[in-house]
Amino acid sequence: MSGSGQGGDAYARAGVDIDAGNRAVQRYRDVTSAWTHPDQLGSLGGFSGLFRLPGDPKRALVGSTDGVGTKILIAAALRRYDTVGADLVNHCVNDILVTGADPLFFLDYLAVGKLDPEVAALVVSGVHRACRENGCALLGGETAEMPGVYRPDHFDLAGTIVGLVEIDAMPDPNRVAPGDAIVGLPAVGLHTNGYTLARSLIAETEYGAPFDGWTYGEALLAPHPSYLEPVRAIRQVADVKSMAHITGGGLLENVPRTLPEHAAAVFEPTRWPLPPIMAELVRRGGLEHEERYRTLNMGIGYTLIVPMTDVDKALRAAPGATVVGFVQPRGEGEPPVIVRPVRTA
(Lines give C-alpha, C1' and ligand atoms only; values in the text may rest on other atoms or scores of the structure.)
Protein backbone atom coordinates (compact mmCIF):
# COMPACT_ATOMS: atom_id res chain seq x y z
CA MET A 1 0.00 0.00 0.00
CA SER A 2 1.45 3.33 -0.96
CA GLY A 3 1.18 6.52 1.05
CA SER A 4 -1.90 8.71 0.79
CA GLY A 5 -0.03 11.80 -0.27
CA GLN A 6 0.92 13.00 3.20
CA GLY A 7 4.58 12.10 2.59
CA GLY A 8 7.40 11.64 5.08
CA ASP A 9 7.30 9.85 8.39
CA ALA A 10 3.80 9.71 9.86
CA TYR A 11 5.12 9.07 13.36
CA ALA A 12 7.33 12.16 13.19
CA ARG A 13 4.40 14.21 11.96
CA ALA A 14 2.43 12.99 14.96
CA GLY A 15 5.22 14.21 17.24
CA VAL A 16 7.65 11.30 17.76
CA ASP A 17 11.01 11.37 15.94
CA ILE A 18 12.58 7.90 15.98
CA ASP A 19 15.69 9.22 14.23
CA ALA A 20 16.16 11.81 16.97
CA GLY A 21 15.90 9.03 19.55
CA ASN A 22 18.59 7.04 17.75
CA ARG A 23 20.83 10.11 17.64
CA ALA A 24 20.27 10.66 21.35
CA VAL A 25 21.37 7.09 22.12
CA GLN A 26 24.53 7.66 20.07
CA ARG A 27 25.21 10.81 22.09
CA TYR A 28 24.71 8.81 25.28
CA ARG A 29 27.33 6.35 24.06
CA ASP A 30 29.69 9.24 23.33
CA VAL A 31 29.38 10.84 26.76
CA THR A 32 29.62 7.53 28.67
CA SER A 33 32.37 5.87 26.63
CA ALA A 34 35.24 7.29 28.69
CA TRP A 35 34.43 5.16 31.74
CA THR A 36 32.37 2.12 32.65
CA HIS A 37 32.25 0.16 35.88
CA PRO A 38 34.55 -2.88 35.72
CA ASP A 39 31.63 -5.23 36.42
CA GLN A 40 29.39 -3.68 33.77
CA LEU A 41 28.75 -5.92 30.77
CA GLY A 42 27.41 -4.89 27.38
CA SER A 43 26.72 -1.35 26.24
CA LEU A 44 24.00 1.27 25.89
CA GLY A 45 21.47 0.72 23.13
CA GLY A 46 20.47 -2.86 23.90
CA PHE A 47 17.21 -4.04 25.38
CA SER A 48 18.75 -4.11 28.86
CA GLY A 49 21.99 -3.66 30.75
CA LEU A 50 24.06 -6.30 32.52
CA PHE A 51 26.17 -6.17 35.69
CA ARG A 52 28.29 -9.08 36.88
CA LEU A 53 26.85 -10.46 40.11
CA PRO A 54 29.26 -9.63 42.94
CA GLY A 55 30.99 -12.77 44.19
CA ASP A 56 29.66 -14.90 41.31
CA PRO A 57 31.45 -14.42 37.97
CA LYS A 58 29.13 -16.90 36.24
CA ARG A 59 25.96 -14.87 36.71
CA ALA A 60 24.85 -11.31 35.97
CA LEU A 61 22.14 -8.96 37.08
CA VAL A 62 20.06 -7.64 34.18
CA GLY A 63 18.26 -4.30 34.45
CA SER A 64 15.88 -2.28 32.31
CA THR A 65 13.75 0.85 32.72
CA ASP A 66 10.80 1.80 30.57
CA GLY A 67 7.40 3.46 30.47
CA VAL A 68 3.98 2.95 28.92
CA GLY A 69 4.12 5.96 26.62
CA THR A 70 1.04 7.89 25.57
CA LYS A 71 -1.12 4.80 25.98
CA ILE A 72 -1.75 6.30 29.43
CA LEU A 73 -3.65 9.19 27.80
CA ILE A 74 -6.12 6.71 26.32
CA ALA A 75 -6.41 4.93 29.67
CA ALA A 76 -7.06 8.26 31.40
CA ALA A 77 -9.66 9.29 28.81
CA LEU A 78 -11.50 5.99 29.31
CA ARG A 79 -10.90 5.94 33.08
CA ARG A 80 -9.36 2.47 32.76
CA TYR A 81 -6.52 2.59 35.24
CA ASP A 82 -6.06 -1.09 36.08
CA THR A 83 -4.38 -2.27 32.86
CA VAL A 84 -1.44 0.05 32.12
CA GLY A 85 0.47 -1.09 35.21
CA ALA A 86 0.48 -4.65 33.89
CA ASP A 87 1.53 -3.35 30.46
CA LEU A 88 4.52 -1.69 32.10
CA VAL A 89 5.70 -4.76 33.97
CA ASN A 90 5.26 -7.08 30.98
CA HIS A 91 7.17 -4.68 28.73
CA CYS A 92 10.10 -4.65 31.15
CA VAL A 93 9.99 -8.44 31.63
CA ASN A 94 10.24 -8.88 27.86
CA ASP A 95 13.16 -6.46 27.61
CA ILE A 96 15.33 -8.46 30.01
CA LEU A 97 14.01 -11.74 28.62
CA VAL A 98 16.04 -11.23 25.42
CA THR A 99 19.13 -12.02 27.52
CA GLY A 100 17.46 -15.11 28.97
CA ALA A 101 17.05 -13.45 32.37
CA ASP A 102 14.52 -14.45 34.99
CA PRO A 103 12.86 -11.42 36.65
CA LEU A 104 13.74 -10.82 40.31
CA PHE A 105 12.13 -7.54 41.37
CA PHE A 106 10.39 -4.44 40.08
CA LEU A 107 10.04 -0.80 41.19
CA ASP A 108 7.41 1.56 39.81
CA TYR A 109 7.24 5.34 39.46
CA LEU A 110 3.86 7.08 39.25
CA ALA A 111 3.74 10.83 38.63
CA VAL A 112 0.40 12.67 38.74
CA GLY A 113 -0.94 16.19 38.39
CA LYS A 114 -3.28 15.68 41.35
CA LEU A 115 -3.15 12.58 43.50
CA ASP A 116 -6.36 10.55 43.61
CA PRO A 117 -5.66 7.65 45.98
CA GLU A 118 -8.26 5.39 44.33
CA VAL A 119 -6.84 5.95 40.85
CA ALA A 120 -3.28 5.45 42.11
CA ALA A 121 -4.31 2.19 43.78
CA LEU A 122 -5.86 0.93 40.54
CA VAL A 123 -2.69 1.70 38.59
CA VAL A 124 -0.51 -0.07 41.15
CA SER A 125 -2.92 -3.01 41.27
CA GLY A 126 -2.04 -3.69 37.63
CA VAL A 127 1.67 -3.49 38.45
CA HIS A 128 1.22 -5.91 41.35
CA ARG A 129 -0.90 -8.35 39.33
CA ALA A 130 1.67 -8.61 36.55
CA CYS A 131 4.54 -8.94 39.03
CA ARG A 132 2.74 -11.87 40.63
CA GLU A 133 2.05 -13.49 37.25
CA ASN A 134 5.71 -13.15 36.25
CA GLY A 135 7.06 -14.37 39.60
CA CYS A 136 8.64 -10.98 40.22
CA ALA A 137 8.73 -9.15 43.56
CA LEU A 138 7.27 -5.65 43.70
CA LEU A 139 9.74 -4.04 46.09
CA GLY A 140 8.13 -0.61 46.09
CA GLY A 141 8.33 2.59 44.13
CA GLU A 142 7.62 6.30 44.14
CA THR A 143 4.45 8.36 43.80
CA ALA A 144 5.03 12.00 42.88
CA GLU A 145 2.37 14.72 42.81
CA MET A 146 3.53 17.32 40.29
CA PRO A 147 0.99 20.08 39.58
CA GLY A 148 2.16 22.32 36.79
CA VAL A 149 4.00 19.47 35.10
CA TYR A 150 0.89 17.32 34.60
CA ARG A 151 -2.75 18.28 34.24
CA PRO A 152 -4.92 17.19 37.20
CA ASP A 153 -6.34 14.24 35.25
CA HIS A 154 -3.05 13.15 33.64
CA PHE A 155 -0.28 10.92 34.92
CA ASP A 156 2.91 9.17 33.84
CA LEU A 157 4.07 5.70 34.69
CA ALA A 158 7.52 4.14 34.50
CA GLY A 159 9.31 1.24 36.10
CA THR A 160 12.61 -0.54 36.61
CA ILE A 161 13.13 -4.29 36.58
CA VAL A 162 16.10 -6.37 37.71
CA GLY A 163 16.63 -9.99 36.71
CA LEU A 164 19.28 -12.69 36.92
CA VAL A 165 20.94 -14.69 34.15
CA GLU A 166 23.60 -17.37 33.78
CA ILE A 167 26.18 -15.68 31.56
CA ASP A 168 27.12 -18.84 29.66
CA ALA A 169 23.44 -19.54 28.91
CA MET A 170 22.75 -16.14 27.34
CA PRO A 171 21.74 -16.09 23.67
CA ASP A 172 24.60 -15.04 21.39
CA PRO A 173 23.71 -13.20 18.16
CA ASN A 174 27.14 -14.08 16.76
CA ARG A 175 25.91 -17.66 16.46
CA VAL A 176 23.14 -16.67 14.05
CA ALA A 177 23.81 -18.03 10.56
CA PRO A 178 22.14 -18.05 7.14
CA GLY A 179 19.52 -20.76 6.99
CA ASP A 180 18.28 -20.20 10.55
CA ALA A 181 14.56 -19.71 11.07
CA ILE A 182 12.85 -16.76 12.74
CA VAL A 183 10.03 -17.76 15.08
CA GLY A 184 7.54 -15.04 15.97
CA LEU A 185 5.24 -14.73 18.97
CA PRO A 186 2.03 -12.86 18.14
CA ALA A 187 1.19 -9.32 19.18
CA VAL A 188 -2.36 -8.64 20.31
CA GLY A 189 -2.29 -4.93 19.55
CA LEU A 190 0.00 -1.93 19.71
CA HIS A 191 1.39 -3.06 23.10
CA THR A 192 3.22 0.07 24.33
CA ASN A 193 4.43 1.85 21.20
CA GLY A 194 2.88 3.76 18.32
CA TYR A 195 0.28 5.45 20.50
CA THR A 196 1.15 9.01 19.55
CA LEU A 197 0.46 8.05 15.94
CA ALA A 198 -2.71 6.16 16.92
CA ARG A 199 -4.05 9.15 18.86
CA SER A 200 -3.42 11.39 15.88
CA LEU A 201 -5.49 9.07 13.66
CA ILE A 202 -8.29 7.97 16.04
CA ALA A 203 -9.99 10.81 17.87
CA GLU A 204 -10.99 10.49 21.52
CA THR A 205 -14.61 10.92 20.44
CA GLU A 206 -14.31 7.57 18.61
CA TYR A 207 -13.06 5.53 21.57
CA GLY A 208 -16.58 4.28 22.38
CA ALA A 209 -17.46 3.43 18.76
CA PRO A 210 -17.73 -0.26 17.77
CA PHE A 211 -14.67 -1.80 16.14
CA ASP A 212 -14.14 -5.47 15.26
CA GLY A 213 -16.27 -6.78 18.11
CA TRP A 214 -14.71 -4.32 20.58
CA THR A 215 -14.68 -0.57 20.74
CA TYR A 216 -11.80 1.50 19.40
CA GLY A 217 -10.81 2.30 22.96
CA GLU A 218 -10.74 -1.38 23.96
CA ALA A 219 -8.69 -2.27 20.89
CA LEU A 220 -6.19 0.48 21.71
CA LEU A 221 -5.91 -0.68 25.33
CA ALA A 222 -5.32 -4.34 24.41
CA PRO A 223 -2.68 -5.61 26.84
CA HIS A 224 1.04 -5.83 26.31
CA PRO A 225 1.59 -9.54 27.03
CA SER A 226 4.50 -11.13 28.84
CA TYR A 227 6.38 -13.62 26.67
CA LEU A 228 8.17 -15.17 29.63
CA GLU A 229 6.38 -18.54 29.63
CA PRO A 230 6.39 -19.25 25.87
CA VAL A 231 10.06 -18.23 25.62
CA ARG A 232 10.97 -20.47 28.53
CA ALA A 233 9.09 -23.32 26.87
CA ILE A 234 10.85 -22.83 23.53
CA ARG A 235 14.30 -22.56 25.14
CA GLN A 236 13.75 -25.89 26.87
CA VAL A 237 13.48 -27.72 23.54
CA ALA A 238 15.25 -25.54 20.96
CA ASP A 239 18.62 -23.87 20.51
CA VAL A 240 17.65 -20.19 20.70
CA LYS A 241 20.52 -18.16 19.27
CA SER A 242 19.08 -14.66 19.72
CA MET A 243 15.83 -12.88 20.58
CA ALA A 244 14.21 -9.48 20.10
CA HIS A 245 11.35 -7.67 21.82
CA ILE A 246 9.49 -5.75 19.10
CA THR A 247 8.75 -2.34 20.59
CA GLY A 248 9.54 1.20 19.40
CA GLY A 249 11.23 1.01 16.01
CA GLY A 250 9.32 -2.13 15.00
CA LEU A 251 10.94 -5.05 13.22
CA LEU A 252 13.27 -2.78 11.27
CA GLU A 253 15.08 -1.38 14.30
CA ASN A 254 14.79 -4.07 16.96
CA VAL A 255 15.77 -7.20 15.06
CA PRO A 256 19.17 -5.82 13.85
CA ARG A 257 20.34 -5.89 17.49
CA THR A 258 20.06 -9.68 17.38
CA LEU A 259 22.09 -10.26 14.21
CA PRO A 260 25.78 -10.47 13.31
CA GLU A 261 26.99 -8.10 10.60
CA HIS A 262 27.08 -10.78 7.90
CA ALA A 263 23.43 -11.85 8.33
CA ALA A 264 20.09 -10.37 7.29
CA ALA A 265 16.63 -11.25 8.62
CA VAL A 266 13.98 -11.73 5.96
CA PHE A 267 10.34 -11.49 7.07
CA GLU A 268 7.38 -12.74 5.04
CA PRO A 269 4.23 -10.98 6.35
CA THR A 270 1.87 -13.45 4.67
CA ARG A 271 2.93 -15.94 7.36
CA TRP A 272 1.14 -14.19 10.26
CA PRO A 273 -2.13 -12.29 10.83
CA LEU A 274 -2.23 -8.52 11.16
CA PRO A 275 -4.24 -7.26 14.17
CA PRO A 276 -7.29 -5.32 12.89
CA ILE A 277 -6.34 -2.16 14.82
CA MET A 278 -3.03 -2.04 12.95
CA ALA A 279 -4.70 -2.52 9.60
CA GLU A 280 -6.97 0.39 10.54
CA LEU A 281 -4.03 2.64 11.45
CA VAL A 282 -2.20 1.72 8.24
CA ARG A 283 -5.32 2.58 6.25
CA ARG A 284 -6.05 5.85 8.04
CA GLY A 285 -2.46 7.03 8.05
CA GLY A 286 -1.64 5.90 4.54
CA LEU A 287 1.49 4.38 6.03
CA GLU A 288 4.09 3.39 3.51
CA HIS A 289 5.88 0.04 3.75
CA GLU A 290 8.87 1.23 5.78
CA GLU A 291 6.74 3.42 8.07
CA ARG A 292 4.58 0.45 9.05
CA TYR A 293 7.43 -1.80 10.06
CA ARG A 294 9.41 0.95 11.74
CA THR A 295 6.54 2.43 13.77
CA LEU A 296 4.29 -0.53 14.66
CA ASN A 297 4.99 -4.13 15.63
CA MET A 298 2.69 -5.18 12.76
CA GLY A 299 1.50 -8.29 14.59
CA ILE A 300 4.81 -9.69 15.88
CA GLY A 301 5.62 -8.98 19.52
CA TYR A 302 8.75 -11.07 19.97
CA THR A 303 11.18 -12.97 17.76
CA LEU A 304 13.50 -15.91 18.36
CA ILE A 305 16.13 -17.16 15.92
CA VAL A 306 16.61 -20.95 15.97
CA PRO A 307 18.19 -23.55 13.67
CA MET A 308 15.79 -24.74 11.02
CA THR A 309 16.06 -28.24 12.49
CA ASP A 310 14.55 -26.99 15.77
CA VAL A 311 11.52 -25.26 14.27
CA ASP A 312 8.99 -28.04 14.82
CA LYS A 313 9.99 -28.45 18.47
CA ALA A 314 9.79 -24.69 19.04
CA LEU A 315 6.32 -24.41 17.52
CA ARG A 316 4.98 -27.34 19.53
CA ALA A 317 6.33 -25.81 22.74
CA ALA A 318 4.54 -22.48 22.33
CA PRO A 319 1.02 -22.49 20.85
CA GLY A 320 0.53 -19.41 18.70
CA ALA A 321 4.17 -19.24 17.67
CA THR A 322 4.84 -19.34 13.95
CA VAL A 323 7.75 -19.18 11.54
CA VAL A 324 7.79 -15.60 10.27
CA GLY A 325 11.01 -15.56 8.28
CA PHE A 326 14.56 -16.77 7.86
CA VAL A 327 18.15 -15.60 7.94
CA GLN A 328 20.15 -15.11 4.77
CA PRO A 329 23.63 -13.79 3.96
CA ARG A 330 23.91 -10.01 4.07
CA GLY A 331 25.89 -8.31 1.36
CA GLU A 332 27.77 -5.05 1.68
CA GLY A 333 25.37 -2.10 1.76
CA GLU A 334 22.30 -4.31 2.22
CA PRO A 335 19.84 -3.68 5.08
CA PRO A 336 19.90 -5.99 8.11
CA VAL A 337 16.12 -6.51 7.94
CA ILE A 338 14.04 -7.13 4.83
CA VAL A 339 10.24 -7.31 5.00
CA ARG A 340 8.56 -8.76 1.92
CA PRO A 341 6.23 -8.63 0.18
CA VAL A 342 4.52 -5.32 0.86
CA ARG A 343 1.43 -5.99 2.95
CA THR A 344 -1.76 -4.36 1.78
CA ALA A 345 -4.43 -3.32 4.23
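1. Let's start at one edge of the sheet: strand E10 pairs with strand E12 (residues 300-306), running antiparallel to it over 4 bridges. If you want a spot to look at, Ser242 sits opposite Ile305 in E12. Bear in mind that this is a predicted model.

2. Helix H4 (residues 84-97) packs on the sheet here and touches both E10 and E12. The direction of H4 makes about 155° with that of E10.

3. Now for the whole sheet. Following the order E10-E12-E7-E13-E11-E14, you get an open sheet of 6 strands, and the pairing is mixed. Which strands stand at the edges? They are E10 (242-245) and E14 (337-339); each has a single partner strand, so one side of each has no neighbour in the sheet. On average, neighbouring strands here are turned by 25° against each other, ignoring direction.

4. Stepping back to the chain, I get 12 helices and 14 strands. Its C-alpha atoms fill a box of roughly 55 × 50 × 45 Å along the principal axes. The radius of gyration is 20 Å, which agrees with a compact globule, because one of 345 residues would have a value near 20 Å.

5. How much of the chain is buried? Buried residues account for 46% of the 345. As for the surface, the chain exposes about 15,500 Å², with carbon and sulfur atoms supplying 54% of that area.

6. One last point, on contacts. Taking those between residues at least 6 apart in sequence, 83% join residues at least 24 apart.

Notes:
Residues are numbered from 1 along each chain as its sequence is written. This is a predicted model: local features need pLDDT of at least 70, side-chain atom pairs count only at pLDDT 80 or more; totals for chains, interfaces and linings use all residues. Side-chain values use heavy atoms; hydrogens and water are left out. Two strands pair if DSSP finds at least two bridges between them. Helices (H or I, at least four residues) and strands (E, at least two) are DSSP runs, numbered from the N terminus. Axes are lines fitted to C-alpha atoms, for helices over the stretch in contact, and angles run from 0 to 180 degrees between N-to-C directions. Contact means heavy atoms within 4.5 Å. The radius of gyration is taken over C-alpha atoms; the globule rule is 2.2 Å times the number of residues to the power 0.38. Buried means under 20% relative accessible area, exposed over 50%, partly exposed in between (1.4 Å probe, protein chains only). Accessible areas come from the Shrake-Rupley method with a 1.4 Å probe; for residues, only the protein chains shown count as cover.
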